[in-house]
Amino acid sequence: MTVLRNGGADYRCDMAELKVGDRVSWNTSQGRTRGKVVERKTSDFEFADQKFTASAEEPSFIVESEKTDARAAHKGSALRKLK
């Protein structure tokens, strides 16, 4: 389980709870970005010519930016679930 902050309030989110359609935020070089989970990966995969590891215990997620529609892959620990 990971402690997450949203608007100054802490809440806990088990990465197993993240699912397709959830609104999340993540860090980019331009600052914090918001979007949604579009895919949940539970086995190793390639995305944008990079290899990623994932498992049922530690899934990775494909997320899509609300602003640009660009997609990125992230470990669940890099994502914050938005209410």
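**Close-up views of a predicted model**

**Figure 1. The largest nonpolar core.** Seven residues, Leu18, Val24, Trp26, Val37, Phe61, Val63 and Leu79, form the largest nonpolar core of this structure, which is a predicted model. At least two residues of this core come from strand S3 (23–28), and at least two from strand S7 (60–65). A second core, separate from this one, has 5 residues, among them Phe45, Phe52, Ala54 and Ala73.

**Figure 2. The aromatic pair of phenylalanine 45 and phenylalanine 52.** The whole structure holds 1 aromatic pair. The ring centres of phenylalanine 45 and phenylalanine 52 lie 5.1 Å apart and the ring planes meet at 10 degrees, so the pair counts as stacked. Phenylalanine 45 and phenylalanine 52 are both buried, and both belong to the second core.

**Figure 3. The pairing of strands S7 and S8.** Strand S8 covers residues 71–75 and runs antiparallel to S7, with 5 bridges joining the two. Serine 60 is placed opposite lysine 75 of S8. The hairpin of S7 and S8 has 5 residues between its strands, and aspartate 69 in this hairpin has a positive phi near 65 degrees.

**Figure 4. The salt bridge between aspartate 22 and lysine 81.** The closest N and O atoms of aspartate 22 and lysine 81 are 3.7 Å apart. Aspartate 22 sits in the loop between strand S2 (9–13) and S3, while lysine 81 sits in strand S9 (residues 80–81), so the salt bridge ties together parts that are 59 residues apart in sequence. Aspartate 22 has a relative accessible area of 9% and is therefore buried. Lys19, Asp22 and Lys81 are joined into one network by salt bridges that share partners.

**Figure 5. The salt bridge between arginine 23 and glutamate 66.** The N to O distance between the side chains of arginine 23 and glutamate 66 is 2.8 Å. Arginine 23 belongs to strand S3 and glutamate 66 to the loop between S7 and S8, so this pair ties together parts that are 43 residues apart in sequence. With a relative accessible area of 33%, arginine 23 is partly exposed. Glutamate 66 has 46% relative accessibility and also counts as partly exposed.

**Figure 6. The salt bridge between lysine 41 and glutamate 39.** The side chains of lysine 41 and glutamate 39 meet at 2.7 Å, N to O. Glutamate 39 is partly exposed, at 32% relative accessibility. The structure has 5 salt bridges in total, including this one between lysine 41 and glutamate 39.

Note on methods: Residues numbered from 1 in each chain as written. Predicted model: local features only at pLDDT ≥ 70, side-chain atom pairs only at ≥ 80, totals over all residues. Heavy atoms only, no water. Core = buried A, V, L, I, M, F, W, Y, C linked by side-chain atoms within 4.5 Å. Buried < 20%, exposed > 50% of the residue type's maximum accessible area, 1.4 Å probe, protein only. Helix = DSSP H or I, 4+ residues; strand = E, 2+ residues; numbered from the N terminus. Pairing = 2+ DSSP bridges. Phe/Tyr/Trp six-rings, centres within 6.5 Å; stacked < 30°, edge-to-face > 60°. Salt bridge = Lys/Arg side-chain N within 4 Å of Asp/Glu carboxyl O.
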